[in-house]
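Colleague: I would like to learn how to read a protein model, one feature at a time. Where should a beginner start?

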Amino acid sequence: MKRKCYMALILFAVSSSALMSSHTSVLAEETELSVALETDAGEEKADTEKDVPEDGLYTVEFHTDSSMFHVNEAHGGRGVLTVKDGKMTLHISLASKSIVNLFPGIAEDAKKEDAELLEPTTDNVTYSDGFSEEVYGFDIPIPELEEEFDLALIGKKGKWYDHKVSVDDLKPAAEEDLEKLVATVETEEEENN
């Protein structure tokens, strides 16, 4: 009888130990999962914060999928990126006044009645030979650096076209970049008066 009691006690101890071990294992896994999720969320937030530079002015290269839609050659494929309160806006001067509106998104959405179209500015560009002309420019909201996004355009013929664009090669704006921006703003203000 003592043997049976002793055996029952051992079995009880072993099963209790196994049960506790199993419960501890589940708790450890839940803790590891919770820590992993918190770490992933923190890393995602850090990645998002890394993608937006500090407030200020920068120059970036503007890439499109079209030879007909590009930054004016006087600007060497670059535009001025303004970062304010974590939002990025790129000003580009185009090659002419042929593109009359842009839309951040696809052409189908640009055609909707409530679509908010990007209106052109009139920019004065000066080429390396000294010739100057007025062209249209646009202030484009940039969702992310170095990632392709949709940008639709409409020309004088009234047809919308879809394009993929991206910006990269972020550099702090030099004095001459700021002078170009000031000249553009002055041209816009003259037109509005």
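**Reading the model**

Modeller: Start with the elements: the protein chain has three helices and eight strands. Helices (H or I, at least four residues) and strands (E, at least two) are DSSP runs, numbered from the N terminus. Residues are numbered from 1 along each chain as its sequence is written. This is a predicted model, in which local features need pLDDT of at least 70, side-chain atom pairs count only at pLDDT 80 or more, and totals for chains, interfaces and linings use all residues, while side-chain values use heavy atoms, with hydrogens and water left out.

Colleague: Which pattern does the protein chain follow along the sequence?

Modeller: The pattern is α-β-β-β-β-α-β-β-β-β-α.

Colleague: How do I read pLDDT, and which element has the lowest mean?

Modeller: pLDDT is the predictor's confidence in each residue, from 0 to 100. The protein chain has a mean of 79, and 65% of its residues reach 70 or more. Among the elements, helix α1 (residues 2-51) has the lowest mean, 49, and β4 has the highest, 98. Over residues 5-14 the pLDDT is below 50, and this stretch has zero contacts in the model beyond near neighbours in sequence. A contact means heavy atoms within 4.5 Å. Residues 44-49 also stay under 50, with zero contacts beyond four places in sequence.

Colleague: What does Asp-51 in helix α1 contact beyond its neighbours within four places?

Modeller: Asp-51 is in contact with Met-88, Glu-144 and Leu-145. Its C-alpha lies 9.7 Å from that of Gly-86, although the two are 35 residues apart in sequence. For the protein chain, residues 24 or more positions apart account for 62% of the contacts with a separation of 6 or more.

Colleague: How are strands in a sheet held together, and what is the strand order here?

Modeller: Strands of a sheet pair through backbone hydrogen bonds, either parallel or antiparallel. By the rule used here, two strands pair if DSSP finds at least two bridges between them. This model has an open sheet of eight strands, with antiparallel pairing and the order β4-β7-β8-β1-β2-β3-β6-β5. Its edge strands, β4 (99-103) and β5 (121-126), each pair on one side only.

Colleague: How many bridges join β1 to β8?

Modeller: Six bridges join β1 (residues 56-64) to β8 (residues 160-172), and these strands run antiparallel. Glu-61 stands opposite Asp-168 in β8.

Colleague: How do I tell whether a residue is buried or exposed?

Modeller: Buried means under 20% relative accessible area, exposed over 50%, and partly exposed in between (1.4 Å probe, protein chains only). Buried residues make up 30% of the 193 residues in the protein chain. Asp-51 counts as partly exposed because its relative accessibility is 32%.

Colleague: How many aromatic pairs are there?

Modeller: Rings of Phe, Tyr and Trp (its six-membered ring) pair if their centres lie within 6.5 Å; planes under 30 degrees apart count as stacked, over 60 as edge-to-face and the rest as tilted. The count comes to two pairs. Phe-62 and Phe-69 are edge-to-face, at 5.9 Å centre to centre and 80° between the planes. Tyr-127 and Phe-131 are stacked, at 6.1 Å centre to centre and 20° between the planes.

Colleague: Is Phe-131 buried or partly exposed?

Modeller: Phe-131 counts as partly exposed because its relative accessibility is 48%. Its partner Tyr-127 is buried, at 14%. In the other pair, Phe-62 is buried at 7%, and Phe-69 is buried at 1%.
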